[in-house]
Amino acid sequence: MAIVHIYGNQNTEYYRFPQGRMFLVGLTGGIASGKSTVVTVFQELGCAVIDADVIARQVVQPNEPAYQLIVQKFGNEILLENDEINREKLGSIIFSSSEKRQLLNSIIHPRIQKAMLKQIMKYFVLGYRYVILDIPLLFETNKLKRFMKHTVLVYCDPQSQLSRLMRRNGLSKAEAEARILSQLPLDEKRRLADHVIDNSGDWESTRLQVLKLHAKLEESLDFLLLRLAAVTTLTVVGGLLCFFLRQSLRSFF
Ligand SMILES: Nc1ncnc2c1ncn2[C@@H]1O[C@H](COP(=O)(O)OP(=O)(O)OP(=O)(O)O)[C@@H](O)[C@H]1O
């Protein structure tokens with residue numbers, strides 16, 4: 001069974017799996033750079049993927065403990081008519097106050113991490129080689145990056161990113177540019193990533209890059225060393241068994 005190390009103080013807890021077994025891969029990108037497209041290919045290959053955005057939405061649902069705390073701290077005015085949290089309104093509140101942003105983060109981040117850990121454990125038990133964590137702001141927040149054995153950036157050239165974003169979200173050029181500018185530039189993220197999937201071309205070119213990366217991750221040195229150790233152990237144990245069996249047969253006859 002895995003030994004999970006837990007780090008942190010009362011507000012935050014961090015988890016790390018022992019090196020050389022299952023590892024974590026952080027996947028990130030920019031707005032409309034093609035993360036979902038790339039994740040779909042990984043999923044078609046049977047890979048384990050955890051979506052940080054989905055978890056962030058789940059932990060603030062009305063039946064979750066974080067919900068009560070958020071309403072208590074931010075008031076009923078952040079609720080929609082169906083009692084769910086109005087994420088846009090909450091977003092604009094924390095955008096203008098770093099104190100409130102910290103407060104919200106202290107409520108939801110530990111819960112997001114726990115929910116992620118639960119899913120990671122599930123994939124570990126199921127025997128997955130690696131788990132991809134789809135985290136749009138991996139490099140901006142920088143907190144989870146240190147738990148990733150590999151980081152992958154889904155890159156897209158500025159022109160394609162702009163036109164894809166405008167088309168997908170029905171935005172004007174100025175609106176799309178403003179959204180892109182609110183994030184760390186993709187060229188800067190490129191320097192921080194271990195692997196880059198360039199999604200500026202067609203779907204097939206992206207798919208081929210994902211296949212290549214998957215093969216690389218599956219065959220990473222850790223895994224080879226682990227398999228080598230397993231083969232060596234089996235050979236030694238098998239040899240010893242044969243030796244003792246032969247010895248006992250000899251003394252028997
Ligand atoms: N290689 C490609 N060629 C043409 N269009 C593409 C390609 N990759 C993605 N797209 C289109 O670009 C848009 C953005 O892609 P996608 O949704 O995968 O990006 P994303 O990074 O997940 O976006 P976000 O984080 O903003 O939700 C989509 O409409 C998608 O269909």
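**A friendly note on the sheet, its helices and the ligand shell**

1. Let's start with one pair of strands: strand E6, residues 150-155, is joined to E7 by four bridges, and the two run parallel. Within this pair, Leu-153 sits opposite Val-196 of E7. Please keep in mind as you read that this is a predicted model.

2. Now step back to the whole sheet. Strands of a sheet pair through backbone hydrogen bonds, in either a parallel or an antiparallel way. Here, five strands make an open sheet with parallel pairing, and their order is E4-E5-E3-E6-E7. Which strands stand at the edges? They are strand E4 (48-51) and strand E7 (195-198); each has a single partner strand, so one side of each has no neighbour in the sheet. On average, neighbouring strands of this sheet are turned by 25 degrees against each other, direction ignored.

3. Next, look for helix H1, residues 35-44. Helix H1 lies across strand E3 (23-29), E4, strand E5 (130-134), E6 and E7. Its direction is at about 150 degrees to E3.

4. Helix H1 also has a helix partner. Two packed helices are described by the angle between their axes and the distance between the axes. For H1 and helix H10 (residues 203-218), the angle is about 55 degrees and the axes are 10 Å apart. The two helices are therefore oblique to each other, and H1 passes H10 in a right-handed crossing. On the H1 side, the contact is made by Thr-37, Val-38, Val-41 and Phe-42, while H10 brings Thr-206, Arg-207, Val-210 and His-214. By class, the residues of this contact of H1 with H10 are four nonpolar, three polar and one charged.

5. A second helix pair to find is helix H3 (residues 65-74) with helix H5 (residues 98-125). Their axes come within 10 Å and cross at roughly 180 degrees, which makes H3 roughly antiparallel to H5. From H3, the contact uses Ala-66, Leu-69, Ile-70 and Lys-73; from H5, it uses Leu-103, Leu-104, Ile-107, Ile-108 and Arg-111. How many polar residues does the contact of H3 with H5 have? There are no polar residues, next to seven nonpolar and two charged.

6. The third pair is H7 with helix H8 (residues 173-181), whose axes come within 9 Å and cross at roughly 115 degrees. This crossing of H7 and H8 is right-handed. Helix H7 contributes Gln-161, Leu-162, Leu-165 and Met-166 to the contact, and H8 contributes Lys-173, Ala-176, Glu-177, Arg-179 and Ile-180. Sorted by class, the contact of H7 with H8 holds five nonpolar, one polar and three charged residues.

7. Finally, turn to the ligand. Which residues come nearest to the ligand? Of the 15 residues around it, they are Lys-35, Ser-36, Thr-37, Arg-164 and Arg-168. The elements giving two or more residues to this shell are H1, helix H7 (158-169) and H10. Helix H1 supplies the largest share of the shell, three residues. The shell around the ligand divides into four nonpolar, seven polar and four charged residues. A good place to pause is Thr-37, which is among the residues nearest to the ligand and also belongs to the contact of H1 with H10.

Definitions and conventions
Residues numbered from 1 in each chain as written. Predicted model: local features only at pLDDT ≥ 70, side-chain atom pairs only at ≥ 80, totals over all residues. Pairing = 2+ DSSP bridges. Axes fitted to C-alpha atoms, helices over the stretch in contact; angles between N-to-C directions. Contact = placed C-beta atoms within 7 Å. Parallel < 35°, antiparallel > 145°, perpendicular 65-115°, else oblique. Left-handed = near helix turned anticlockwise from the far one by under 90°. Nonpolar A, V, L, I, M, F, W, Y, C, P; charged D, E, K, R; others polar. Near = placed C-beta within 6 Å.
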